[in-house]
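Student: Please walk me through this structure, one feature at a time. I'm new to this.

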Amino acid sequence: MTSPQPDNPMHGITLEAMLNELVAHYGWEDLGQRIKIRCFTFQPSVKTSLIFLRRTPWARAKVESLFANMKARQARAAAPRAPKAAQAATPAAADSTDTRPRLFSRKS
């Protein structure tokens, strides 16, 4: 019947859950500026927005795209980064073992 979709970040997430998370993250005003839909700007509510989004494929696609982008940004922000000291130390270690003659002086 339904096969698992490991590469689909929105698998198993309902439209209502997406909308609630977007509203919690952006708020109605900012959401209405990002996606120009009247149900987000004029007397917004989850119920009326869901009715409109379920009937309008292009609007639903925009909401899903914004949700996917928000989740990707959150995942990048939560990902651990290598410390800057380790990044800076790596090229210096390679330079100290290099015994080839230099045409130009090394930058200090």
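Tutor: Helices are DSSP runs of H or I with at least four residues, strands are E runs of at least two, and both are numbered from the N terminus. Keep in mind that this is a predicted model, where local features need pLDDT of at least 70, side-chain atom pairs count only at pLDDT 80 or more, and totals for chains, interfaces and linings use all residues. Residues are numbered from 1 along each chain as its sequence is written, and side-chain values use heavy atoms, with hydrogens and water left out.

Student: Okay, let's try one residue. Where is S49 placed?

Tutor: S49 sits in helix α4.

Student: And is S49 buried or exposed?

Tutor: We go by relative accessible area: under 20% is buried, over 50% is exposed, and in between is partly exposed (1.4 Å probe, protein chains only). S49 comes out at 0%, so it counts as buried.

Student: Which residues does S49 touch?

Tutor: A contact means heavy atoms within 4.5 Å. Leaving aside residues up to four places away in sequence, S49 touches L19, W28, C39 and F40.

Student: Now helices. At what angle do α1 and α4 pack?

Tutor: Axes are lines fitted to C-alpha atoms, for helices over the stretch in contact, and angles between N-to-C directions run from 0 to 180 degrees. Helix α1 covers residues 15–26 and helix α4 covers residues 46–55; they pack at about 125 degrees, with axes 10 Å apart. Under 35 degrees is roughly parallel, over 145 roughly antiparallel, 65 to 115 roughly perpendicular, and the rest oblique. So α1 and α4 are oblique to each other.

Student: Which residues make that contact?

Tutor: From α1 you have L15, E16, L19 and N20, and from α4 there are V46, S49, L50, L53 and R54. Our old friend S49 is in that list. The residues of this contact split into five nonpolar, two polar and two charged. For that sorting, Ala, Val, Leu, Ile, Met, Phe, Trp, Tyr, Cys and Pro are nonpolar, Asp, Glu, Lys and Arg are charged, and the others, Gly among them, are polar.

Student: Speaking of charge, how many salt bridges are there in the whole structure?

Tutor: Side chains of opposite charge can pair when their charged atoms come close. A salt bridge here is a side-chain nitrogen of Lys or Arg within 4 Å of a carboxyl oxygen of Asp or Glu. Searching the whole structure gives three. One of them joins E21 and K71, at 2.3 Å from N to O. This pair links distant parts of the chain: E21 is in α1 and K71 is in α5 (residues 57–78), 50 residues apart. E21 is partly exposed at 29%, and K71 is partly exposed at 32%.

Student: Where do R34 and D30 lie?

Tutor: Both are in helix α2 (residues 28–34), four residues apart, about one turn of the helix. Their side chains form a salt bridge at 3.2 Å, N to O. Likewise, E64 and R60 are both in α5, four residues apart, about one turn of the helix, and their salt bridge is 3.0 Å, N to O.

Student: One last thing: what is the phi of Q43?

Tutor: Q43 has a positive phi, about 45 degrees, although it is not a glycine. Look for Q43 in the loop between α3 (38–41) and α4. At 63% relative accessibility, Q43 is exposed.
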